[in-house]
Amino acid sequence: QLAYVDGQYLPMAEAMVPVEDRGLQFADSIYEVAAIFDGRLLDWPEHLVRMRRNCAALFISLPQSDAVLSHIARRLIAMARVRDAIIYIQVTRGTARRDHVFAPGLRPRLIMTVRRFDFRQRIPQQAKGVGVTTVPDQRWGRVDIKSTGLLANVLAKQDARAAGSFEAWFTGPDGTVREGGSTNAYIVRGGTLITHPLSAHILPGIARQSLLSLARGAQIPVEERAFHLDEALGADEALLTSTTAPILPVVRIDGLAVGSGRPGPITARLVELVHAEIA
Ligand code: PDD
C-alpha cells in the first residue's frame with residue numbers, strides 16, 4: 001500500500017494533504033480507478049483519456065503529461081511489488097483559502113495510491129450472482145463526470161448492503177434504471193444486451209465500453225437505451241460491470257428473482273469473453 005502525493009512516494013499511512021485542499025472541502029476533484037492484473041495496467045489509455053476529459057469539464061489543467069502519469073503509476077506498482085491491484089488516482093483543484101469561487105492559477109494536486117486487490121474474490125460471486133436494491137437517484141445532474149462528490153453513492157450503497165444486496169441501482173423519476181452506485185447496469189431480453197445510453201445520468205464506464213465491444217464482436221445484439229425497472233424485473237438476465245467487478249451476474253432485484261434466479265447463458269458467455277480479454 002503506497003501513495004504518491006505532491007511528488008513524493010510514501011507508505012499509505014504517511015501520505016497527507018493540507019486541510020484546505022479543495023478536494024477535501026468541496027469535493028472539487030475527480031478520480032480514476034484502474035485495475036492491475038498480473039502486473040499489467042488494464043485499459044490504461046482509456047482511463048487517461050477519461051481523466052483528462054473530467055479535468056477539462058472542471059477547468060482543471062493537469063500539468064503532468066500522459067508519459068509522466070504512466071511513469072508515476074508504473075513506479076508505484078513496482079515499489080509496492082503488486083501483481084493484482086487497484087490504482088486510485090485523484091486530481092484536486094489544489095489548496096486555497098476556503099472560497100467557493102476558485103482563483104485562476106491554482107496548482108492541481110495529483111494523488112495516486114496502489115493497493116493489492118484479489119480479483120479471485122469475484123469467482124464465487126460470478127458463480128452465484130449478486131442481488132441489487134433500487135434507490136431513487138438523488139445525485140447531481142452531471143454524474144458523467146467522475147467527481148469525488150460521491151455522498152449519494154455512499155448512502156445508496158450503504159442502504160443496499162444493509163438490505164443484503166451487493167449493489168444499489170439508481171432509478172430515475174420515470175422509473176428507468178440508470179446505473180449502480182459504483183457499477184454500470186445491464187439486462188438481457190430475448191438474447192439482446194440492453195444498457196442505459198451514455199448521457200449525463202451515467203458514468204461512461206471503461207468496463208462498459210469493453211463489454212459492449214466484446215458483445216458486438218461475439219454477435220450478441222446490443223441496445224443502448226433506457227429500460228424501466230419493470231422491464232428489468234421481467235428480464236431473462238441482468239448483470240453489472242466495473243473496474244473492480246469486471247462482470248457480475250445480477251440474480252435478484254429488490255429481493256425478486258431475475259429470470260431463473262441463477263446466472264443465465266448470455267451472462268455466462270460474457271463472463272468468458274471478459275476473462276479471455278483480461279488474461
Ligand atoms: N466506480 N458507475 C459509477 C457511478 C461508478 O462509480 C463506476 C466506477 C462505474 C464503472 O466505471 P468503470 O467501468 O470505469 O470502473 C459506473 C469505481 C470503480 C469506484 O468508484 O471505485
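**Exercise 1. Find the domains of this predicted model and say how far apart their centres lie.**

Start with the chain itself: the domain assignment splits this predicted protein model into domain 1 (2-117) and domain 2 (122-278). Next, take the C-alpha centre of each domain; the two centres are 26 Å apart.

**Exercise 2. Work out what the contact between the two domains is built from.**

Step one is to count residues on either side. Domain 1 puts in 20 residues, and domain 2 puts in twelve.

Step two is to look at the side of domain 1 that touches domain 2. At least two residues each come from β3 (29-37), α2 (44-57) and β5 (85-92). The most come from β3, which gives eight residues.

Step three is to sort the residues on that side of domain 1 by type: you get eleven nonpolar, five polar and four charged.

**Exercise 3. Trace the six-stranded sheet and pick out its edge strands.**

Walk across the open sheet and you meet the strands in the order β2-β1-β6-β5-β3-β4, with antiparallel pairing. Now check the ends: β2 (8-11) and β4 (40-41) each pair on one side only, which makes them the edge strands.

Then zoom in on β5 and β6 (residues 109-116). These two run antiparallel and are joined by eight bridges. For one residue to look up, try Ile-86: its bridge partner in β6 is Arg-115.

**Exercise 4. Which strands does α2 lie across, and at what angle does it run to β3?**

Find α2 first, then look at the strands it crosses: β3, β4 and β5. For the angle, set α2 against β3, and you get about 175 degrees.

How values were computed:
Residues are numbered from 1 along each chain as its sequence is written. This is a predicted model: local features need pLDDT of at least 70, side-chain atom pairs count only at pLDDT 80 or more; totals for chains, interfaces and linings use all residues. Domain bounds come from an automatic or database domain assignment. Two residues are in contact if their C-beta atoms, placed from the backbone, lie within 7 Å. Helices (H or I, at least four residues) and strands (E, at least two) are DSSP runs, numbered from the N terminus. Ala, Val, Leu, Ile, Met, Phe, Trp, Tyr, Cys and Pro count as nonpolar, Asp, Glu, Lys and Arg as charged, and the others, Gly among them, as polar. Two strands pair if DSSP finds at least two bridges between them. Axes are lines fitted to C-alpha atoms, for helices over the stretch in contact, and angles run from 0 to 180 degrees between N-to-C directions.
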